Amino acid sequence: MLLPVAVQAAGTTPVKVTILLASNQGKDFDMDNDDYRDELIKLFAYSYYKQTNELRVELAQGKREIVPLGDDFELVLSLQRQEAERIYLQAVIRKGRQAHVDTVLSILKKGVVFVGGPETPSGTLIVVLETGM
Amino acid sequence: MKLSSYQAFKSAYRDTIEKELGDPSVRRAKKELIDAAFKPHSTGPYVMGICLVLLAFGFAGVYLFYPKIAAKKNTALEPAYEIVSTQKDLETLTEKITGETAQDVIRRPNIEVMRVSSKTGSTIVYQRLHEDTPITVVWVLTGGSVK
């Protein structure tokens, strides 16, 4: 369930998704979510970051949520299970039937994960997943 | 029968030589000369031989056992991505990146990467701390710039 406002449905886990495109064409941070600007500088060698979307996803166990990323890429999130304060989250960045990144994460309470690397005509995709917000 | 003068000379010559060479002092001198001129066999060839034999055994051992040792460390069999699947692995990975101790990591909320794969390239996983939250990066190498 994709919600633009901070409403959490019962029995769901909220995940904040920020979609970025990074490149070396220019020097700028065109981002609304500025929380990780410094980390982006330290982690990656890009000079230009553009935020294309930011949304909150409510994940229900066993259900998939698909988030379009642009340029025919999409992010597939699914909550595999929950144990007390730990969640098991699968995140897949795919284009068509080809999975560019497929990862299963175990996250305790608050966590931040940068998933990315696929190249698009507009730049390199970076998806910031935040849990426990 | 009376010997000819030549035969007598020859016989006298032989007797004289035998007498001279049989003298103990002459024998002693001959022995000393031989010992001085021709030294006894050195141990060098024997030591060299032993070394060659040991070297041969060494090569045989490498030839026989190296494939088994190499198979255990065969990086070609390792997956093309690094999986941080246990808390200990994550702590070690974090310690390498940030220099923090494992104890610091345990006290903070943690993220475990249970599995990572890609159909388009190699993947890497690493982590660094941002304020109180560890940031985990799951990246597929398709030519993007990662520090």
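**Exercise 1.** In this predicted model, determine which kind of contact joins the side chains of Arg115(B) and Asp102(A).

*Solution.* Step 1: the N to O distance between the two side chains is 3.0 Å. Step 2: the cut-off for a salt bridge is 4 Å, between a side-chain nitrogen of Lys or Arg and a carboxyl oxygen of Asp or Glu. Step 3: Arg115(B) and Asp102(A) therefore form a salt bridge. The count between chain B and chain A is 3 salt bridges.

**Exercise 2.** Identify the strands of chain B that contribute to the side touching chain A, and state the make-up of that side by class.

*Solution.* Step 1: at least two residues come from each of β1, β2 (122-130) and β3 (133-141) of chain B. Step 2: the most is given by β3(B), with 8 residues. Step 3: sorted by class, this side of chain B holds 14 nonpolar, 11 polar and 5 charged residues.

**Exercise 3.** Describe how β1(B) pairs with a strand of chain A.

*Solution.* Step 1: the partner is strand β8 of chain A, residues 98-108. Step 2: the two strands run in the antiparallel sense, over 6 bridges. Step 3: within β1(B), Val116(B) stands opposite Thr103(A).

**Exercise 4.** Decide whether Val113(B), a residue of strand β1 in chain B, is buried or exposed.

*Solution.* Step 1: the relative accessible area of Val113(B) is 1%. Step 2: buried means under 20%. Step 3: Val113(B) is therefore buried.

**Exercise 5.** Give the extent of the interface between chain B and chain A.

*Solution.* Step 1: 30 residues of chain B are in contact with 37 residues of chain A. Step 2: the buried area is about 2800 Å², and carbon and sulfur atoms give 56% of it.

Conventions
Residues numbered from 1 in each chain as written. Chains lettered and ligands numbered in written order. Predicted model: local features only at pLDDT ≥ 70, side-chain atom pairs only at ≥ 80, totals over all residues. Heavy atoms only, no water. Buried < 20%, exposed > 50% of the residue type's maximum accessible area, 1.4 Å probe, protein only. Contact = heavy atoms within 4.5 Å. Buried area = accessible area lost by both parts, 1.4 Å probe. Helix = DSSP H or I, 4+ residues; strand = E, 2+ residues; numbered from the N terminus. Nonpolar A, V, L, I, M, F, W, Y, C, P; charged D, E, K, R; others polar. Pairing = 2+ DSSP bridges.
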